[in-house]
Amino acid sequence: MNNIVLFGPPGSGKGTQSEQLINKYNLTHISTGDLFRKHLAEGTNLGILAKKYVDEGHLVPDEVVIGMVEDKINSTTESSGFIFDGFPRTVPQAEALDHLLNKKSFPIQTMLMLDVPQDELIKRLLERGKTSGRTDDQNEAKIRTRISVYENETIPVANYYDGQGKLNKIHGVGNIHEIFDEICSVLDS
Ligand code: AMP
């Protein structure tokens with residue numbers, strides 16, 4: 001069982017690297033951003049509740065996110081592990097995830113933190129916005145809000161995992177395959 005937190009600011013490549021990791025290690029992908037977008041598209045109550053936060057690039061309240069992740073974990077029957085992408089984004093979310101996984105006796109093994117400078121993030125997100133259909137990728141002010149939310153509210157999660165000896169920093173700029181190889185060498189070591 002291998003549970004991984006893939007961590008990093010918006011535009012750092014978490015989605016891209018997740019796709020390759022899922023295939024190689026046969027993991028179940030839990031992307032809270034994708035889950036919210038699905039709820040929004042389906043117009044569920046959760047989607048309606050999350051909409052104003054997602055549209056503005058602010059964090060959805062912890063209890064909503066934690067409940068959604070718990071449902072997803074509990075409804076997954078067969079898995080050789082989870083890759084958490086975009087979650088946890090606050091220390092209370094990280095604590096809740098630990099609590100949940102410890103009850104199941106399969107804790108987080110590793111936290112991988114993709115490190116990418118801010119100007120590169122803005123460039124990548126504006127480029128992605130041309131094709132992703134995501135309105136939060138199409139507006140530079142919203143992108144800057146998301147990056148500052150990451151710096152102010154989410155970075156403490158890195159310290160939380162560092163305190164558990166699980167933090168691994170990955171240089172997230174350059175060739176996608178080389179970044180993937182670096183991630184694999186951490187996971188295989
Ligand atoms: P992402 O696709 O990970 O960039 O997430 C898109 C948006 O969904 C974020 O800007 C937040 O509004 C919301 N979101 C995703 N994951 C979380 C989370 N773990 N906690 C709070 N809000 C989240």
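**View 1. The shell around the ligand mixes 7 nonpolar, 5 polar and 4 charged residues.** Keep in mind that this is a predicted model. In total, 16 residues surround the ligand, and the closest are Thr32, Arg37, His58, Gly86 and Arg89. Which helix gives the largest share of the shell? That's H2, with 4 residues. Helix H2 (32-42) and helix H3 (45-56) each chip in at least two shell residues.

**View 2. Here are some polar atoms of the protein that lie by the ligand's own oxygen and nitrogen atoms.** A polar backbone atom of histidine 58 sits 2.6 Å from a ligand oxygen. For valine 60, a polar backbone atom is 3.0 Å from a ligand nitrogen. Arginine 134 uses its side chain instead: a polar atom there is 3.2 Å from a ligand oxygen. The protein covers 96% of the 480 Å² of accessible area that the ligand has on its own. And where does the ligand sit? In the largest pocket.

**View 3. Take a look at the cis peptide bond between phenylalanine 87 and proline 88.** Omega is about -5° for this bond. Proline 88 belongs to the loop that runs between strand E3 (82-85) and helix H5 (91-103).

**View 4. Asparagine 26 has a positive phi, near 60°, though it isn't a glycine.** You'll find asparagine 26 in the loop between helix H1 (14-25) and strand E2 (28-31). Is asparagine 26 buried or exposed? Its relative accessibility is 54%, so it counts as exposed.

**View 5. Serine 105 is another non-glycine residue with a positive phi, near 60°.** Its spot is the loop between H5 and strand E4 (110-115). Serine 105 counts as exposed because its relative accessibility is 63%, and the cut-off for exposed is over 50%.

Definitions and conventions. Residues are numbered from 1 along each chain as its sequence is written. This is a predicted model: local features need pLDDT of at least 70, side-chain atom pairs count only at pLDDT 80 or more; totals for chains, interfaces and linings use all residues. Side-chain values use heavy atoms; hydrogens and water are left out. A residue is near a molecule or strand if one of its heavy atoms lies within 4 Å of it. A polar contact is a pair of N or O atoms within 3.5 Å; within protein, one must be able to donate a hydrogen and the other to accept it, and residues adjacent in sequence count only if both atoms are side-chain atoms. Accessible areas come from the Shrake-Rupley method with a 1.4 Å probe; for residues, only the protein chains shown count as cover. On a 1 Å grid over the protein atoms alone, a cavity is a set of points where a 1.4 Å probe fits but cannot get out, and a pocket is an open set with protein on both sides within 12 Å along at least five of seven lines; lining residues have an atom within 4 Å of a point. A molecule sits in a cavity or pocket if more than half of its atoms lie within 2 Å of its grid points. Ala, Val, Leu, Ile, Met, Phe, Trp, Tyr, Cys and Pro count as nonpolar, Asp, Glu, Lys and Arg as charged, and the others, Gly among them, as polar. Buried means under 20% relative accessible area, exposed over 50%, partly exposed in between (1.4 Å probe, protein chains only).
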